[in-house]
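Reader: I am new to this structure. Please pick one chain, look at it closely, and then follow its links outward.

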Amino acid sequence: MENRSLVTIADHSKEKIMYLIRMAEEFEKHTNRKLLEGKVVATLFFEPSTRTRLSFETAANRLGARVIGFTDPKVTSSTKGETLKDTIMMVSNYADLIVMRHYLEGAARYASEVSPVPIINAGDGANQHPSQTMLDIYSIYKTQGTLDDLNIYMVGDLKYGRTVHSLLMAMRHFNPTFHFIAPEELKMPDVYKQYCDIHHIKYVEHTDFTADTIADADILYMTRVQKERFTDLMEYERVKDLYLLKLPMLKRAKDNMRILHPLPRVNEIEYAIDDDPHAYYFEQARNGLFARQALICDALGITLDDVTNDHTIID
Amino acid sequence: MKRQELLVAALENGTVIDHIPSNKLFEVVNLLHLEQMKTSITVGYNLKSKKMGHKSIIKIAGKFFSDEELNQLAVVSPNVTLCIIKDYEVVEKKEVFLPNELKGIVKCANPKCITNNEPMKTYFHTVEGKDGVLRCHYCNKEVDLDHVKLV
């Protein structure tokens, strides 16, 4: 049987990404359906992540699937020493699809190799988080009307920020120009800059973050600079307020520019910006619902044709 | 041959692994599980070498390895010379080639990798365009061959 699991989006072709965007658009038009009636989706969260879990569970519920799972690894057998493989084998007896979040890197890849049912990776440590990437790409497409030839500015923690790395790789098909804005300690790792070079992706690095640096941005992708990431706390104190987005910094921004953030936000985007037309992070989170509906259906072998000709639409 | 040069006895049948960098000798021993063998094994350590200054050599009597086993050596010392000896004659010389995939040989350096936390085999790929670099199939972390640790 073909393995329909989703471990990473970095390997997806341009066509596959556009296909999933079309599917997400269909779900945005008609969100409530009975397309998955009779199916059981398991959500296994070995590491808590409330917003990702709620988004996946809402996506499955609104398509008529029933959801089982756990939200807190303390109540599961993994604390008794059960292996991941055993947990996956057990749950795959009950569910048609497993959505899993794990604190260990590579856990989803391994699960997809041992599981008889498809796995969707809902985040594996610092490694991959493909549903976040899919909703980021869908948000970019929705706000810009295209994915091609965009100026994408990534700000904040570019060293450990898993979402920026996945987005960078998934955008390689679309001729982007990246601007990396980060403090010295958290700048984009060489391995991703080499990735850009190999795939002929243009990028510029900045350490300053001002109205002028971001004036050409189509997308401003903000991330949080976290204290625990710094080895040198003096350095943290020095840079912590340099990567905060404040309302006056938007005065030269292009009209089409939209601000994205994977959330949760702490203070890196001033609250006054929430009402500005450039702010898009809450809608972005909402797009996660449609993107995840598309990913769940794709993993279950439901095609775009099935979705467009669906007679189970409720609303 | 002068008596002082005859440091290692000749082999009737078996495998000679020559030109091992001395600091890699014991890794080669571990990789081929030589400590579990019952046949006689001669190990020469820190021998003088025209090519390398110092080298190590292992002669294993009565044992012929598969290419798969021998290619593992590329992980620790890619430039070794292999001689297959039959009836005191070198019947074949081999080079080792780093396989595109390594299963259960190299340990992932990432403590948060699933392979370091689950009873399973490690799995690495070579990286296109980057000589001497392996990438973990599971956590995607890259490791330089000079710094790999064996399972």
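## A close look at chain B

Author: Chain B has 151 residues, and buried ones make up 44% of them. Keep in mind that this is a predicted model.

Start with the build of the chain. Chain B holds 3 helices and 11 strands. Their order along the sequence is β-α-β-β-α-α-β-β-β-β-β-β-β-β. Read that pattern slowly. A strand opens it, and a helix follows. Two strands come next, then two helices. From there to the end, the pattern is strand after strand.

Now the outline. The C-alpha trace of chain B spans about 55 × 30 × 25 Å along its principal axes. How much area does chain B expose? The figure is about 9,200 Å², with carbon and sulfur atoms supplying 49% of it.

Contacts tell how the chain folds back on itself. Take pairs in chain B that touch and sit at least 6 apart in sequence. Of these contacts, 56% join residues at least 24 apart.

Charge comes next. Chain B carries 21 positive and 19 negative charges. The mean positions of the two sets are 5 Å apart. Side chains of opposite charge can pair when their charged atoms come close. One such pair in chain B is Arg135(B) with Glu142(B), a salt bridge with N and O 3.0 Å apart. Are these two partners buried or exposed, or in between? Arg135(B) has a relative accessibility of 31%, so it counts as partly exposed. Glu142(B) is at 29%, so it too is partly exposed. The cut-off for buried is under 20%, and exposed begins over 50%.

Now move outward to chain A. The contact between the chains involves 15 residues of chain A and 15 residues of chain B. The size of an interface is often given as the accessible area lost when the parts come together. Here the area buried between chain A and chain B is about 1,200 Å². Carbon and sulfur atoms give 50% of that. Which three residues lead on the chain A side? They are Leu104(A), Glu105(A) and Tyr110(A), which supply 44% of the area that chain A buries against chain B. No other three residues supply more.

Glu105(A) has a second role in this picture. Lys141(B) reaches it in a salt bridge, with the closest N and O atoms 3.3 Å apart. How many salt bridges does the rule find across this interface? It finds 1.

Step back to the whole structure for a moment. Over all chains, the search finds 22 salt bridges. Chain A offers further cases. Arg265(A) pairs with Asp274(A), the closest N and O atoms being 2.7 Å apart. The two partners fall in separate classes. Arg265(A) has a relative accessible area of 16%, so it is buried. Asp274(A) stands at 24%, so it is partly exposed. Lys187(A) meets Glu184(A) with N and O 3.8 Å apart. Lys187(A) is partly exposed, at 31%. There is a network as well: salt bridges link Arg4(A), Lys16(A) and Asp298(A).

End with three residues of chain A. His102(A) sits in strand β3, which covers residues 97-102. Its relative accessibility is 4%, so it counts as buried. Beyond its sequence neighbours, His102(A) contacts residues including Phe46(A), Leu84(A), Ala107(A) and Asp124(A).

Asp157(A) lies in a loop instead, between β5 (151-155) and α6 (162-170). At 3%, Asp157(A) counts as buried. Thr223(A) is 66 residues away along the chain, yet the two C-alpha atoms are separated by 6.0 Å. Thr223(A) is among the residues that Asp157(A) touches, and so are Val164(A), Leu186(A) and Arg229(A).

Glu28(A) belongs to helix α1, residues 14-29. It is partly exposed, at 25%. Leaving out residues up to four places away, Glu28(A) touches Tyr138(A), Lys142(A), Asn287(A) and Phe290(A). Thr177(A) lies 149 residues from Glu28(A) along the chain, and their C-alpha atoms are separated by 29 Å.

Technical notes: Residues numbered from 1 in each chain as written. Chains lettered and ligands numbered in written order. Predicted model: local features only at pLDDT ≥ 70, side-chain atom pairs only at ≥ 80, totals over all residues. Heavy atoms only, no water. Helix = DSSP H or I, 4+ residues; strand = E, 2+ residues; numbered from the N terminus. Buried < 20%, exposed > 50% of the residue type's maximum accessible area, 1.4 Å probe, protein only. Contact = heavy atoms within 4.5 Å. Areas by Shrake-Rupley, 256 points an atom, 1.4 Å probe, with all protein chains shown as cover. Lys, Arg positive; Asp, Glu negative; His and termini not counted. Charge placed at Lys NZ, Arg CZ, Asp CG, Glu CD. Salt bridge = Lys/Arg side-chain N within 4 Å of Asp/Glu carboxyl O. Buried area = accessible area lost by both parts, 1.4 Å probe.
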